[in-house]
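Let's walk through this structure together, one region at a time. Have the sequence and the 3D view open side by side as you read.

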Amino acid sequence: MRVAVVGAGPAGVRAVGQLVRAGLHPLWIDEAPDGGGRIYQRPPPGFRRSPQALYGLEARKATALHAALDALKPRADWRPDTLVWNIATHPGRLNLMRDGVATEQGFDAAILCTGAMDRVVPVPGWTRPGVTTLGAAQIALKAQGCAIGQRVALVGSGPLLWLVAYQYLRAGAGLAAVLDTTPFRRKLQALRGLPHDPATLAKGLFYVTRLRAAGIPVAEGATPLAIEGEAPDVVAALRWRDAAGREHRLECDAVGLGWGVRPELQLADLAGVPIGFDPVQHNWVPQRDLTGRTPVAGIYLAGDGAGIGGAAVAELAGARAAQALLADAGLPVDTALVARLERRLLRQARFRTALERAFPFPAHLAAAMPDETILCRCESVTAGELRAAAAPDGPHGASPEVNRAKAFTRIGMGRCQGRVCGAAAAEVLAARLGCDTAAIGRLRGQPPVKPLPIPQPEAAP
Amino acid sequence: MRLVRLTDQDRPEIRFVFEGQEVTARAGDTLLTAILAGDGGFLRTSEFGDGPRAGFCLMGACQDCRVFVEGQGRVRACTTPCAPGLRVRRA
């Protein structure tokens, strides 16, 4: 039986672990040169920081995952540095690209563990060099030992905001401020649900306390207004408004932005898995059940690419999906393990719901984005241009959903395929049309899921 | 934009060329780090006239950090390792 696992983050590692344990030899692909995913990304060879320095409170989990990863590589058909740029089912086929060479691989069953990326709301000036996602700010430190600037402002909401801030503080990076767009009372209300996972709650409180104790300016209920600078390739300041309505100008030379993460679901989409809007996560997520099964036979999903759950959930879900695959293939299943995984997954789901309520996507910020803000950074489409495309008196009539708006404005048509602007664009359009985000739809996945080099034809002999 | 080298920087020096100037980087740097931790400032200019860009996601998703490497063509600076002797231009 030919089994493929796409992704070698927490979900992919645990999925492959179960498959190998059952005697299979899966094809295992990751776009990065090494596994670990973004959360447990390892620096390239030659870096020497300890796991403690790299992963902090998660060092034990990271070390355990890396040990499993390294032990599994020789027991699978391990393909790092390899992009899966298309997928087909019935018969299953993956299109791969490595070092500019395209190949195809057939499969009977596949577990897609494609992860997530930052969810951002554009702020005027966000295309300036010096502005990155929160995830990027973290990767710069973790994988390269660098801070994104001398005086870094971190803006957004969610666990990653506070984690990155704490990691920068600990590494000795200069922090200008941490601005949380979520009002304090909102988080307080949601705290009622959080004790389902007291360890995670304690970690969050620990980070905030340490930042305050270090004298880092921290604000809640903040609204970012603009990122400014004189020369076009620098950041000099962030203008923002506090919860009381006062405007401030914060001097900084770099800004990290992020409001949670959204699934990388392009391959699930191309495989034909139905995609629905999850109002709690405020994300489009592929349809799957607790076991990782999807309505498409032979396609299983795990990790953040299957709906945001974080690294701990990803490890559980990866193992669970592999067990589902084994069961469907008529192979022996570890029923005790399955029961334990499902119990823990259900408990985590309750915690996750509370977390999403504590750090909701700031749809109001996107809706209030000034017209001149570049919304789609690939194609330089402004919020105003998208709003105009939604107007009923426009040349094409109103765009009732986002793919039609894409055709008229080129929003989401660039090289990132809407990964970066899609969430905010839907909000801008929904606000302009006065309808729910879910009714706006989502930018459909298209192969290749990332830009590919066009191979040069071989010279005639 | 300038990345700040904070920690884990005792790696061997390597040299490459960016926009015709020889630049010193460290083994293990990505092209993005090698350029932006020096005087590179930015990686490309938006083809729509809205100014310079220097990447955004650092995880190979946003495609905003592409540069031109002789012999390789356009690559993502955030996922391409810097290597001695590379000749790199803004894309």
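Which residue just after helix 4 of chain A takes a positive phi? A:Gly145 does, with a phi of about 70 degrees. Keep in mind as you look that this is a predicted model.

The helix that comes before A:Gly145 is a good place to begin. Helix 4 of chain A covers residues 134-144 and is mostly covered, with eleven of its eleven residues buried. The buried residues include A:Leu134, A:Ile139 and A:Leu141, but also A:Gln138, A:Lys142 and A:Gln144. A:Gly145 itself is touched from the other chain: B:Leu6 contacts A:Gly145, A:Cys146 and A:Ala147, and also A:Ala171, A:Gly172 and A:Ala173.

Let's follow that contact into chain B. B:Leu6 sits in the loop between strand 1 (4-5) and strand 2 of chain B. This residue counts as partly exposed because it has 17 C-beta neighbours inside 10 Å, where 20 or more would make a residue buried. From B:Leu6 to B:Asp64 is 58 residues in sequence, and 24 Å in space from C-alpha to C-alpha.

Strand 2, which follows that loop, belongs to an open sheet of five strands in chain B, with the order 3-2-8-6-7 and mixed pairing. At the edges of this sheet are strand 3 (21-26) and strand 7 (73-76) of chain B, each pairing on one side only. From one strand to the next, the twist averages 40 degrees. Strand 2 (residues 13-18) and strand 3 of chain B run antiparallel and are joined by six bridges. To find this pairing on your screen, look for B:Val17, whose bridge partner in strand 3 of chain B is B:Glu22.

Back in chain A, it helps to have the overall division in mind. The chain is divided into domain 1 (3-117 + 262-356), domain 2 (120-259) and domain 3 (363-440). The C-alpha centres of domain 2 and domain 3 of chain A are 26 Å apart. Seven residues from domain 2 of chain A and ten residues from domain 3 of chain A take part in their contact.

Next, turn to an open sheet of three strands in chain A, with the order 14-15-16 and antiparallel pairing. Strand 14 (223-228) and strand 16 (247-251) of chain A are at the edges; each has a single partner strand, so one side of each has no neighbour in the sheet. The twist here averages 25 degrees from one strand to the next. Five bridges link strand 14 and strand 15 of chain A, and A:Ala226 has A:Arg239 of strand 15 as its bridge partner. On the other side, strand 15 (residues 237-241) also pairs with strand 16 of chain A over five bridges. Here A:Leu238 stands opposite A:Leu250, and A:Arg241 stands opposite A:Glu247. Strands 15 and 16 of chain A form a hairpin with five residues between them, and A:Gly245 in the turn has a positive phi of about 95 degrees.

What about the nonpolar interior? The largest nonpolar core has 107 residues, and those with the most contacts inside it are A:Val152, A:Ala165, A:Leu375, A:Leu386 and A:Ala425. Its largest share, eight residues, comes from helix 14 (residues 422-433) of chain A. Apart from this core lies another, of 61 residues, including A:Ile39, A:Leu265, A:Ala306 and A:Val313. Around A:Ala425 you will find contacts with A:Leu375, A:Cys376, A:Leu386, A:Val402, A:Ile411 and A:Gly412, leaving aside residues up to four places away in sequence. An unreviewed UniProt entry places the feature "domain: BFD-like [2Fe-2S]-binding" at residues 374-430 of chain A. Over that stretch the chain is 42% helix and 9% strand, with its end C-alpha atoms 17 Å apart.

Finally, a few backbone details deserve a look. Most residues other than glycine have a negative phi, and most peptide bonds are trans. A:Asp81, in the loop between strand 3 (77-79) and strand 4 of chain A, has a positive phi near 55 degrees. A:His282 also has a positive phi, near 60 degrees, and counts as buried because it has 22 C-beta neighbours inside 10 Å. The peptide bond from A:His90 to A:Pro91 is cis, as is the one that joins A:Pro447 and A:Pro448.

Notes
Residues are numbered from 1 along each chain as its sequence is written. Chains are lettered from A and ligands numbered from 1 in the order in which they are written. This is a predicted model: local features need pLDDT of at least 70, side-chain atom pairs count only at pLDDT 80 or more; totals for chains, interfaces and linings use all residues. A nonpolar core is a set of buried Ala, Val, Leu, Ile, Met, Phe, Trp, Tyr and Cys residues joined through C-beta atoms within 7 Å. A residue is buried if 20 or more other C-beta atoms lie within 10 Å of its own, exposed if 12 or fewer, and partly exposed in between; C-beta atoms are placed from the backbone. Helices (H or I, at least four residues) and strands (E, at least two) are DSSP runs, numbered from the N terminus. Two residues are in contact if their C-beta atoms, placed from the backbone, lie within 7 Å. UniProt positions are given in the numbering used here, feature names are shortened, and annotations may be inferred rather than shown by experiment. Two strands pair if DSSP finds at least two bridges between them. Axes are lines fitted to C-alpha atoms, for helices over the stretch in contact, and angles run from 0 to 180 degrees between N-to-C directions. Domain bounds come from an automatic or database domain assignment.
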